[in-house]
Amino acid sequence: MELTEFIIKTLTILVVFVLTLLIAMYSTWGERKVAGFIQDRMGPNRAGPGGLLQPLADAGKMFFKEDFIPALASKWLFIAGPSLAMLTALLASAVIPFGSTFRYDGVEVVLQGVESNIGILYVFGVVALGVYGIMIGGWASNNKFSLLGAIRAASQNISYEVAMGLSLIAILMMSSSLSLGDIVAQQHGGNWNIFYQPLGFIIFLTCSFAECNRVPFDLPECETELVGGYHTEYGSMKLGFYLFAEYINMFVSSAIISTLYFGGYNYPGMDWVYNQLTAAMGTTTGHNIATLIGTGVFFGKALFFVFFYMWVRWTLPRFRYDQLMNLGWKKLIPLAIINIIITGASVLFLKPFITSLLN
Amino acid sequence: MNPTLSFFYFLSFLTVLSALMVIISRNPIHSVLYLILTFFTLSGHYILLNAQFLAAVNIIVYAGAIMVLFLFVIMFLNIKNDHEEAKTNLTKIAAAIVGGTVFVILFGAYRKTAIMPADPNTFDSQVGMIESLGKLLFREYLLPFELASILLLVAMVGAVMLGKREIGERHF
């Protein structure tokens, strides 16, 4: 690999990393503001204008608290738990396409950490690993409530991964590519997958709520039954990492939902804007500004889904555990399989029929 | 030494080390965690061989699903170090003989295998990619592929039947 290419890749990955962290940080602020709005109160408003410095204040508090490890806990695994949770949460954002290309000095830079031909499988693998941080931390605490929380998290994640994978397969059957860049490029011109896969989208959305352990699926940290769930014994920055990993997961899954179903950086009237900009400012500057607008649209879509997570959290009550399992195994998985069959039949029979009608 | 080769040696060292730690470590939870690390390093080997699909599926299926179940069961059983029962000498000797025999067989088989020489001029580096793999699986090996899927389906139905609640029985 050439040196310039290497430096460009390193910079892209760093930017993606910092952006993910920054957005996750301000999601904590956003969550409180949304909660405040829904419950008819102000939310954080003391630290900085509109409480904007609140995440920094929280981080400072977390860092300066006593770093406590219970006497009978397994020390290394107790530390490894939150670290793994952060690691797996941050890994997934590497393959998300944030925009099309930047032109600089005749070099085209793709706004994506790694363009991989197995992109969506990579995301799925990282999601599958996400449960280890919780399981290891919960077990290492040597506390019955933590262990129960960890086991709940594990069984919930395994159950919903199945339905999630099945709903993804319907997308893959339509796009016939595993690369996230290709899947986004195919949705150009209003061909968003949501119009073809409404059922798959609902299944995917429900499963991503369960995978992120968000309300109404936050049984692993259900305080009425399990004290604090898997992070009962955690304090200081280790607890902070667990909570922070949840927000990173939220952002990453929102980004993936907008990539898979809502056309990523595509927006209506994109070609017109592109032509106007390139005509007005030349192929380099115009192209770059058009890319920036696309990236802005992408972040708008992703942030809307982050907001959607918060909206659901402050609106819906929690499921009971048997209801959660029944929903996962008896409703979502059969629905996802029916969705696959319908998609397969449409790709085989309906698509040639419609194309023959149109021509 | 070129970077790929040094990376290969580093990965192999990690693989062997973590595989050894699986059987050496006394705590079953640690064993499972080392086994997960072994799967990761194996996936690294697959990526070095340009078989990214295999690497991803190895992570998803083994590290992501099967090992979670392993960990799950071990955590439920809650095996502590102090409950570990001492093995008798007879067990130890029998285990050593069985393990040694397996090692000798594997070593003999390894010595007999001829390594297929790959010609770098005609070798297709895209052979491990998902497109070529899919075409091969669904054209030339369609029957074995479908038979394997039926086998898995039968196993799944059997597991559901075993775990099924009888009429009138209550678990909680």
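Visitor: What makes helix 1 of chain B close to the span expected at 1.5 Å a residue?

Guide: Bear in mind that this is a predicted model. Helix 1 of chain B covers residues 3-24, and its 22 residues reach 31 Å from the first C-alpha to the last. The expected value is 32 Å, so the two numbers sit close together.

Visitor: And why is helix 1 of chain B called hardly covered?

Guide: A residue counts as buried if 20 or more other C-beta atoms lie within 10 Å of its own. In helix 1 of chain B, the count of residues that pass is 0 out of 22.

Visitor: How do you know whether helix 4 of chain A is mostly covered or hardly covered?

Guide: Apply that cut-off again: 22 of the 22 residues in helix 4 of chain A are buried, so the helix is mostly covered. From first C-alpha to last, helix 4 of chain A reaches 33 Å, close to the expected 32 Å. Just after the helix comes Asn142(A), with a positive phi near 60 degrees.

Visitor: What does UniProt say about that stretch of chain A?

Guide: The unreviewed UniProt entry lists several spans of chain A as "transmembrane region", including 76-99 and 119-141. In the model, residues 119-141 of chain A are 96% helix and 0% strand, with end C-alpha atoms 35 Å apart. Residues 76-99 of chain A come out as 67% helix and 12% strand, and their end C-alpha atoms lie 40 Å apart.

Visitor: What makes the largest nonpolar core a core?

Guide: The members have to be buried residues of the nonpolar kinds, joined through C-beta atoms within 7 Å. The largest such set has 106 residues. Among those with the most contacts inside it are Val123(A), Met135(A) and Phe251(A). Helix 4 of chain A makes the largest contribution to this core, at 16 residues.

Visitor: Which residues does Met135(A) touch, leaving out those up to four places away in sequence?

Guide: Met135(A) touches Ala150(A), Ala153(A) and Ala154(A), plus Leu71(B) over in the other chain.

Visitor: How many residues are in contact between chain A and chain B?

Guide: On chain A there are 17, and they meet 16 residues of chain B. Helix 4 and helix 5 of chain A each supply at least two residues of that side. Helix 4 of chain A gives the most, with 9 residues.

Visitor: What classes of residue make up the side of chain A that touches chain B?

Guide: That side has 14 nonpolar residues, 3 polar ones and no charged ones.

Visitor: Why is chain B called more spread out than a compact globule?

Guide: For 172 residues the globule rule gives 16 Å, but the radius of gyration of chain B is 21 Å, well over that value, so chain B is more spread out than a compact globule. Its C-alpha atoms fill a box of roughly 65 × 45 × 30 Å along the principal axes. Buried residues account for 11% of chain B.

Visitor: What pattern does chain B follow along the sequence?

Guide: Chain B reads α-α-α-α-α-α, with 6 helices and 0 strands. The unreviewed UniProt entry gives "transmembrane region" spans in chain B too, including 31-49 and 141-162. In the model, residues 31-49 of chain B are 95% helix, with end C-alpha atoms 27 Å apart. Residues 141-162 of chain B are 95% helix too, and their end C-alpha atoms lie 32 Å apart.

Conventions:
Residues numbered from 1 in each chain as written. Chains lettered and ligands numbered in written order. Predicted model: local features only at pLDDT ≥ 70, side-chain atom pairs only at ≥ 80, totals over all residues. Contact = placed C-beta atoms within 7 Å. Helix = DSSP H or I, 4+ residues; strand = E, 2+ residues; numbered from the N terminus. Nonpolar A, V, L, I, M, F, W, Y, C, P; charged D, E, K, R; others polar. Rg over C-alpha atoms; globule rule 2.2 N^0.38 Å. Buried ≥ 20, exposed ≤ 12 C-beta atoms within 10 Å, placed from the backbone. UniProt positions renumbered as here; feature names shortened; annotations may be inferred.
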